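Here are a few notes to read alongside the model. Keep the 3D view open and follow the points in order.

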Amino acid sequence: MELQLTSLDRLCASSLPGVLQVEYLPLPWVSSFNPIRNSANILANDVVVVAQDPPVDWLSVPLLINTRTWEERSERDLQGIYYAQQVSGVTPKLRPSVTGLFSKMEKIRYLLRLTDRAGQKWVLGDPDHAFSFQATASLQQDNQYRISFSGRTNTRAAGFVPA
């Protein structure tokens, strides 16, 4: 098999750093997801959400602008390469209702959808490699929560073009 590579300077251009939007989809809401990618690493199919009444869709996370981060790190173990991924940020104002929701969220797994500051859309995870949710409350820093979604995937994040 011939290895096909191209120079990174042909593919990478300068862009604004950071994450603009974070969305999450509880795994029980996924009807189907076929993670086939084209040669540009763009998903060929969108994630299909279950039909229910009332309708469900991706949920958005209100994170403070300068706290939104996404890290995708390649690692190797005895079974090969995997990608440790984490999306995190700070959501303001401690509230009992939010704490109750976080308790529920910690019990299920998620797919993630991000928009970076350059406008590129990304999908992270698949039903076999979904993300877990964690939250830490702090009264020391403006009564806020630091939240994160983390997981190990067998592929890097894929781009997508909204339908």
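1. Quick definition before we start: two strands count as paired if DSSP finds at least two bridges between them. Also keep in mind that this is a predicted model.

2. Now look for the open sheet of four strands, which runs in the order 5-6-10-9 with antiparallel pairing. Its edges are strand 5 and strand 9 (132-138), and each of them pairs on one side only. On average, neighbouring strands here are turned by 20° against each other, ignoring direction.

3. Zoom in on strand 9 and strand 10, which are joined in the antiparallel sense over seven bridges. One spot to find is Ala-137, which sits opposite Tyr-145 in strand 10.

4. Next, find helix 1 (residues 96-105). Helix 1 lies across strand 6 (80-91), strand 9 and strand 10, and it runs at about 10° to strand 10.

5. Strand 10 (residues 144-153) is also home to Phe-149. Is Phe-149 buried or exposed? Buried means under 20% relative accessible area, and Phe-149 has 1%, so it counts as buried. Its contacts farther off in sequence include Tyr-24, Val-61, Met-105 and Phe-131. Gln-134 is on that contact list too: the two are 15 residues apart in sequence, with 6.4 Å from C-alpha to C-alpha.

6. Last stop: Thr-67, in the loop between strand 4 (59-60) and strand 5 (69-77). Don't assume that a loop residue must be exposed: Thr-67 is buried, because its relative accessible area is 18%. Leaving out residues up to four places away in sequence, Thr-67 touches Ser-88, Gly-89, Val-90 and Arg-146.

Note on methods. Residues are numbered from 1 along each chain as its sequence is written. This is a predicted model: local features need pLDDT of at least 70, side-chain atom pairs count only at pLDDT 80 or more; totals for chains, interfaces and linings use all residues. Side-chain values use heavy atoms; hydrogens and water are left out. Helices (H or I, at least four residues) and strands (E, at least two) are DSSP runs, numbered from the N terminus. Buried means under 20% relative accessible area, exposed over 50%, partly exposed in between (1.4 Å probe, protein chains only). Contact means heavy atoms within 4.5 Å. Axes are lines fitted to C-alpha atoms, for helices over the stretch in contact, and angles run from 0 to 180 degrees between N-to-C directions.
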